[in-house]
Amino acid sequence: MIDQPLTLPNGVVLANRLVKSAMSEALGDARSNTTEAHIGLFDRWGRGGAALLITGNTPVDRLHLEHAGNVVLDKQTDLARTARLAEAAKRGGARVLVQLAHAGRQTPEAVNPRPLSMSGLRLDLPGYGAPRAATEEDLERVIGQFEESARLAKVAGFDGVEVHAAHGYLLSSALSPRINTRSDRWGGSLENRARLVLSIIRAVRRVGGPGFTLAVKLNSSDFQKGGFSHEDSIAVAKLLQNEGIDLLEISGGNFETPVAYQHGAGKNSSASREAYFLDYARDIKAALTVPVMVTGGFRSRDVMNEALTSGATDLIGMGRPFIIDPAFPGKLLSGVIDRAPAVERDFPAAATLPRGAVLNWFCHQLALQGKTGAADLSLPIVEGHARYLADLERATERLLQERGIES
Ligand SMILES: Cc1cc2nc3c(=O)[nH]c(=O)nc-3n(C[C@H](O)[C@H](O)[C@H](O)COP(=O)(O)O)c2cc1C
């Protein structure tokens, strides 16, 4: 049941089963440091009742942001400010992990026209440059970057990190035989494709030590012909477990197959309709002993409890409800509400809207929640989408200006 505690393999006790999954907040400044709006938002999320918070996508390499506004953890980071965010997140009793990521070929062209990837295969979307296939030295450097960011996360006071190996970013693309066409020790067999994420896990474990929580976000499948399959996912999950991770989060898809944040899945409350990766997660969990968290679509307490009691998952990950109401977990746990906010259920089908409009509307609401302390539900989808794109353009300009000054 959602109010039951859970002990992770490293002995860390989570107070209940509700987790805020990673959502890229885009609240960083032009130097990719955290801001007061960002810290304030984590303070409210931390007091909202969830047992665990996972920060948004935090790049380990400032030339491979997922977009301007990301907060980076590297040697240039203002660590005192970062520590304030960790402290704010934990003030209400929640645990907090930093999601470490390398955007790979999904780095926007404006941020890096020639991003590092596992091959030269370009993302099939406008706005992304032709990638450069990583050399052996590049991949060793990336491992070192994850290690350094994890070390800094520990120094800043975070409880651990989540290594982002889902959604098509560098580690996810390494797992995909469609994108990773290499014939060296980083490509080909599943063991070779998993080498990058496994090497990173070993490095992070080394710097984190035993009490440091180490989670991984993995796709249940890329849902792409010739891509990372469900069978691959089960096999990689076992390899990750053998490396001693504490938690595996299950999601799916990438920028070309954006299935991670579905909406309008219907008012149908059957568990697998609401939580769209649950059936995939069930298979993965059956092969593991390490705790599993499923993210994507969970809204009603009945469905969450059914998923937990049926043994399909150990933790309930949620994203968008935290944008609408940071305090909803406490209300769900105490019975004040039976369902997390689910505004997206009433949105029109994605095909009738500009590409990315619903996600961008949520991104804009996330920024509003951080800057003003509330989302604006009266804002039309297309307008929220447009405002997000305009803000992103300005943030990108500021980032490039700052880079120009620094170099
Ligand atoms: C605005 C927004 C930003 C997101 N950013 C990230 C991210 O940085 N890293 C990540 O792993 N997932 C990210 N996601 C995906 C969420 O973690 C989650 O998997 C997805 O929203 C589905 O869960 P939900 O139905 O409860 O929202 C993002 C989702 C949204 C809506």
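A polar contact here is a pair of N or O atoms within 3.5 Å; within protein, one must be able to donate a hydrogen and the other to accept it, and residues adjacent in sequence count only if both atoms are side-chain atoms. Keep that at hand for the exercises below.

The model is predicted, with local features needing pLDDT of at least 70 and side-chain atom pairs counting only at pLDDT 80 or more, while totals for chains, interfaces and linings use all residues. Residues are numbered from 1 along each chain as its sequence is written, and side-chain values use heavy atoms, with hydrogens and water left out.

**Exercise 1. Place H64 and find its polar partner.**

Step 1. Look in the loop between β5 (58-59) and α2 (79-90), where H64 sits; helices (H or I, at least four residues) and strands (E, at least two) are DSSP runs, numbered from the N terminus.

Step 2. The relative accessibility of H64 is 7%, so this residue counts as buried. Buried means under 20% relative accessible area, exposed over 50%, and partly exposed in between (1.4 Å probe, protein chains only).

Step 3. Side chain to side chain, H64 and H102 make a polar contact at 3.5 Å.

Step 4. Contact means heavy atoms within 4.5 Å. Not counting residues up to four places away in sequence, H64 touches several residues, among them P59, H102, N112 and L116.

**Exercise 2. Check the length of helix α6 and list what covers its buried residues.**

Step 1. The expected span of a helix is 1.5 Å times one less than its number of residues.

Step 2. Helix α6 (residues 195-208) has 14 residues and should therefore span 20 Å; its end C-alpha atoms are 20 Å apart, which agrees.

Step 3. The buried residues of α6 are L196, V197, L198, S199, I200, I201, A203, V204 and G208.

Step 4. Their cover includes the helices α3 (136-156), α4 (170-175), α5 (190-193) and α7 (230-242), along with the strands β9 (160-165) and β10 (213-219).

Step 5. Just after α6 comes G209, with a positive phi near 80°.

**Exercise 3. Which residues other than glycine have a positive phi, near 65° and near 55°, and are they buried or partly exposed?**

Step 1. Start from the background: most residues other than glycine have a negative phi.

Step 2. H167 has a phi near 65° and belongs to the loop between β9 and α4. With 12% relative accessibility, H167 counts as buried.

Step 3. F223 has a phi near 55° and lies in the loop between β10 and α7. F223 is partly exposed, at a relative accessible area of 31%.

**Exercise 4. Describe the surroundings of the ligand.**

Step 1. A residue is near a molecule if one of its heavy atoms lies within 4 Å of it. There are 22 residues around the ligand, and A22, Q99, G297, G319 and R320 come nearest.

Step 2. Sort the shell by class: 9 nonpolar, 10 polar and 3 charged residues. Ala, Val, Leu, Ile, Met, Phe, Trp, Tyr, Cys and Pro count as nonpolar, Asp, Glu, Lys and Arg as charged, and the others, Gly among them, as polar.

Step 3. Helices α11 (320-324) and α13 (357-372) each supply at least two residues of this shell.

Step 4. Polar backbone atoms lie 2.6 Å from a ligand oxygen atom in A22 and 3.1 Å from one in N57. For Y276, a polar side-chain atom is 3.5 Å from an oxygen atom of the ligand.

Step 5. Of the 610 Å² of accessible area that the ligand has on its own, the protein covers 97% (Shrake-Rupley method, 1.4 Å probe).
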